[in-house]
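Visitor: I'd like a close look at one part of this model, the stretch with the site annotation. Can you walk me through what surrounds it?

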Amino acid sequence: MNITNLGTKAHVSFFVATELYRHMLRHPQGRLGLATGGTMVDMYANLVDLLSKNQLDVSGIHTFNLDEYVGLSADHPESYYTYMHDVLFNQYPKFTESFLHIPNGEASDVAQEAKRYERVLNEKGPVDIQILGIGQNGHIGFNEPGTPFDSETHCVNLTESTIEANSRYFDNKSNVPRQAISMGLQSIMKAKRIILVAVGTSKKEAMTRLMTGEITTDLPASILHQHPNVEVFVDDEAMPY
Ligand code: F6R
């Protein structure tokens, strides 16, 4: 796994957007694995810009989001469904809605929904490029420390540190959902290529632990050392010691 410091968040955002754009350009039926979160907002803005300037036909592209909160309706302002439509799908409305895959956080049977999502991933996948952010505790998707490496899409109990980190998006901490449906670590590892992005000082510690190379379920992202095609892009602030 190699790591490249691109200096600034602006450079990282532009570079990753360009990678996604170029993949869609070359592969009009491509499969993209998408992430949400603060890290990705500027990346999607750059991607929308590239798509708009070039009027790329994305009607054959399938996207797969990593995760969704349990209990939030799709139209809740903090659902990842809303996030994705706000930052990408409504900004460049040429995607085919039925090709945009996001776990349904409102499903009455969450375990069943997780199974369905994994099935869709297996039937329509594999993902060509999976974009990942990383949590301060080393989570990828919502796979918190201790998640088994062989996990598939499942219902997750969020840790206090993740609830705390994500409370910035909610009116108050008690409104942050306690659970999410997330692709598992094994589901993520099925992608042909993985790009992990980390920016800002709050990610430096996790990146330092990741790049020491120890593979442990205490640091879920460390499973990526076992994948043959992973690249990591950071800014100055997240660059490990
Ligand atoms: C989001 C996701 C999470 C985030 C991670 C970093 O779909 O799967 O793993 O990538 O929590 O979030 P930010 O970018 O908000 O620091």
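Guide: Let's start with Asn 137, which is buried, at a relative accessible area of 13% (buried is under 20%, exposed over 50%, partly exposed in between, with a 1.4 Å probe and protein chains only). Keep in mind that this is a predicted model, where local features need pLDDT of at least 70 and side-chain atom pairs count only at 80 or more, while totals for chains, interfaces and linings use all residues. Residues are numbered from 1 along each chain as its sequence is written, and side-chain values use heavy atoms, without hydrogens or water.

You'll find Asn 137 in the loop between β6 and β7 (154–157) (strands are DSSP E runs of at least two residues, numbered from the N terminus). His 139 sits in the loop between β6 and β7 too, and His 139 is also buried, with a relative accessible area of 12%.

Now for the company they keep, leaving aside neighbours within four places in sequence. Asn 137 is in contact (heavy atoms within 4.5 Å) with Glu 144, Pro 145, Thr 159, Ser 161, Thr 162, Arg 209, Asp 218, Leu 219 and Pro 220. For His 139, the contacts are Gly 133, Ile 134, Glu 144, Thr 162 and Pro 220. So Glu 144, Thr 162 and Pro 220 turn up on both lists.

Glu 144 is worth a second glance: the unreviewed UniProt entry puts its "active site" annotation on Asp 67, Asn 137, His 139 and Glu 144, though such annotations may be inferred rather than shown by experiment. Within that annotated set, Asn 137 touches Glu 144, and His 139 touches Glu 144 as well.

Note on methods:
Helices (H or I, at least four residues) and strands (E, at least two) are DSSP runs, numbered from the N terminus.
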